[in-house]
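I opened this entry to look up pockets first and then one helix. My notes follow in the order I checked things.

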Amino acid sequence: MATPNPTDRHTRPTSPAPGSRTSVRVDATLSDDLAVIMSAGGTASDAIRAAVAVWADMHRTAWAHGVCPDGTRPRLLAYQLEQQQTPAPGRTSAYDAASDEAPQVRRVSRRLPTPPPGRHLPA
């Protein structure tokens, strides 16, 4: 029996064995994308592992919740990010230090004026 052609559309490729190495041709777009991910820290391998993990988790979640049939590629429509606190800028002088006193907060209640008598909405 002949071995299946890897370019045959009806044959699903198998994943690489653990411990093996895979390769991908790096074009300008992939290089730019990796540079963005790596700017937060890590190597190209770290970035690729993280990206594949996110993509695989999206597939597992879509299949588990019946968003699309098992073995089909889900289509990502949106994503949600966790808001992170922006680090405060470093002190540049003693005037930048925190005050010993907590700021006093006053609650001010505002009452809206009563509307004049008569019709306010068009009929």
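**Pockets**

I looked up the largest pocket first; 26 residues line it, and Ser-15, Pro-16, Thr-22, Ile-48 and Val-52 lie nearest its centre. The model I am reading is a predicted one. I noted a volume of about 1300 Å³ for this largest pocket.

Which helix gives the most to the lining of the largest pocket? I found that α2 does, with nine residues. Both α1 (28-38) and α2 (44-64) supply at least two residues each to that lining. Sorting the lining of the largest pocket by class, I got twelve nonpolar, nine polar and five charged residues.

I then turned to the second largest pocket, with a volume of about 180 Å³. Its lining consists of Ala-51, Val-54, Trp-55, Met-58, Leu-76, Ala-78, Tyr-79, Gln-80 and Leu-81. By class I have eight nonpolar residues, one polar and no charged ones in the lining of the second largest pocket.

**Helix α2**

I checked the length of α2 next. At 1.5 Å a residue, its 21 residues should span 30 Å, and I find the end C-alpha atoms 30 Å apart, which agrees.

Which residues of α2 are buried? I list Ala-47, Met-58, His-59 and Ala-62. Viewed down the axis of α2, these buried residues fall within an arc of 105°, so they line one face of the helix. I set beside this the general rule that an α-helix has 3.6 residues a turn, so residues three or four places apart point the same way.

What do the buried residues of α2 pack against? I looked it up, and they pack against α1. On the face of α2 turned away from the buried side I noted the exposed residues Arg-49, Val-52, Arg-60 and Ala-64. Val-52 was already in my notes as one of the residues nearest the centre of the largest pocket. Met-58, from the buried set, also appears in the lining of the second largest pocket.

**After α2**

I followed the chain on from α2 and reached Gly-66, whose phi is positive, near 70°. Leu-76 is also in the segment after α2. Is Leu-76 buried, exposed or partly exposed? I have Leu-76 as partly exposed, because its relative accessible area is 47% and the partly exposed class runs between 20% and 50%. I last checked Leu-76 against Ala-62: they are 14 residues apart along the chain, and their C-alpha atoms are separated by 9.7 Å. Ala-62 is one of the buried residues of α2, and Leu-76 belongs to the lining of the second largest pocket.

Key: Residues are numbered from 1 along each chain as its sequence is written. This is a predicted model: local features need pLDDT of at least 70, side-chain atom pairs count only at pLDDT 80 or more; totals for chains, interfaces and linings use all residues. Side-chain values use heavy atoms; hydrogens and water are left out. On a 1 Å grid over the protein atoms alone, a cavity is a set of points where a 1.4 Å probe fits but cannot get out, and a pocket is an open set with protein on both sides within 12 Å along at least five of seven lines; lining residues have an atom within 4 Å of a point. Grid points are joined across faces, edges and corners, and a volume is the space filled by probe spheres set on the points. Helices (H or I, at least four residues) and strands (E, at least two) are DSSP runs, numbered from the N terminus. Ala, Val, Leu, Ile, Met, Phe, Trp, Tyr, Cys and Pro count as nonpolar, Asp, Glu, Lys and Arg as charged, and the others, Gly among them, as polar. The expected span of a helix is 1.5 Å times one less than its number of residues. Buried means under 20% relative accessible area, exposed over 50%, partly exposed in between (1.4 Å probe, protein chains only). The arc is that of the directions from the helix axis to the C-beta atoms. Contact means heavy atoms within 4.5 Å.
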